[in-house]
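User: Please take one part of this model and examine it closely, then place it in the setting of the rest of the chain. I would like the cut-offs behind each term to be stated as you go.

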Amino acid sequence: MMLSPDQALDSDHPSSAPSDPESLEAKGLRSCCASDLEAPDGEGPGGGGGRLVPHPHPQQPLSREEKRRRRRATAKYRSAHATRERIRVEAFNLAFAELRKLLPTLPPDKKLSKIEILRLAICYISYLNHVLDV
């Protein structure tokens, strides 16, 4: 975020205020995460000199998108998706192989890419239409 020169000089603006905890607390700008930290022995922030642990926030309901993202992240879902994709690709390749058998080429067993099969099929269909029109 860009500040205008008068905003940068304004000491009441949160982005220009010092970031040390005491000055933030004095202005009421202390972050919610800092206030949510508790010492493991329950003495609150800064008490006892112990390690700080986050205080659990109340659980918000997940959005539809977040639920979908979490469901798709499971190993079971990924495995099922990979299986479905493998079956789809096999069916796709089988259809190209069947189309390839119908196209005349010299030599007959010449290896063609998928795009070559499609282009040859277009040309062959066009040729057959021309033969029928004559």
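Analyst: Phe-92 and Phe-96 are four residues apart in helix H5 (residues 75-102), so about one helical turn separates them; helices are DSSP runs of H or I with at least four residues, strands are runs of E with at least two, and both are numbered from the N terminus. The model is a predicted one, in which local features need a pLDDT of at least 70 and side-chain atom pairs count only at pLDDT 80 or more, while totals for chains, interfaces and linings use all residues. Residues are numbered from 1 along each chain as its sequence is written, and side-chain values use heavy atoms, with hydrogens and water left out.

A search of the whole structure finds one aromatic pair. It is formed by Phe-92 and Phe-96, whose ring centres are 5.0 Å apart and whose planes meet at 65°, so the pair is edge-to-face; rings of Phe, Tyr and Trp (the six-membered ring of the latter) pair if their centres lie within 6.5 Å, with planes under 30 degrees apart counted as stacked, over 60 as edge-to-face and the rest as tilted. The two partners fall into separate accessibility classes: Phe-92 is partly exposed at 41% relative accessibility, whereas Phe-96 is buried at 12%. Here buried means under 20% relative accessible area, exposed means over 50%, and partly exposed lies in between, with a 1.4 Å probe and protein chains only.

What does Phe-96 touch once residues up to four places away in sequence are set aside? Its contacts are then Lys-114, Ile-117 and Leu-118, a contact being heavy atoms within 4.5 Å. From C-alpha to C-alpha, Phe-96 and Leu-118 are 8.6 Å apart in space, although 22 residues apart in sequence. Another C-alpha distance, 9.4 Å, links Phe-96 to Ser-113, which is 17 residues away in sequence. Ser-113 itself is placed in the loop between H5 and H6, and at 33% relative accessibility it counts as partly exposed.

Beyond that loop, helix H6 covers residues 114-133 and includes Tyr-127. Together with Leu-128 and Val-131, Tyr-127 makes a nonpolar surface patch of about 280 Å²; patches are made of residues with over 30% relative accessible area and no salt bridge, like charges being joined within 9 Å and nonpolar side chains (Val, Leu, Ile, Met, Phe, Trp, Tyr) within 5 Å.

Back in helix H5, charged side chains also deserve attention. Arg-88 and Glu-85 form a salt bridge whose closest N and O atoms are 2.8 Å apart, where a salt bridge is a side-chain nitrogen of Lys or Arg within 4 Å of a carboxyl oxygen of Asp or Glu. The two residues are three apart in helix H5, so about one helical turn lies between them; Arg-88 is partly exposed at 46% relative accessible area, as is Glu-85 at 34%. In another part of the chain, salt bridges that share partners join Glu-65, Glu-66, Arg-69 and Arg-70 into one network, and the search of the whole structure finds four salt bridges. Within this network, Arg-69 pairs with Glu-65, the closest N and O atoms being 2.8 Å apart, and also with Glu-66, where the corresponding distance is 2.6 Å. Arg-69 and Glu-65 are four residues apart in helix H4 (residues 64-72), whereas Glu-66 and Arg-69 are three apart in that helix, about one turn. Arg-69 is partly exposed at 45% relative accessibility, and Glu-66 is partly exposed at 23%.

A charge also meets a ring: the charged end of Arg-84 sits over the ring of Tyr-77, 5.8 Å from its centre, a term that requires NZ of Lys or CZ of Arg within 6 Å of the ring centre and within 35 degrees of the ring normal.

As for the whole chain, there are six helices and two strands, following the pattern α-α-α-β-β-α-α-α along the sequence. Buried residues make up 10% of its 134 residues, and of the contacts between residues at least 6 apart in sequence, 0% join residues at least 24 apart. The accessible surface comes to about 11,500 Å², with 60% belonging to carbon and sulfur atoms; such areas come from the Shrake-Rupley method with a 1.4 Å probe, and for residues only the protein chains shown count as cover.
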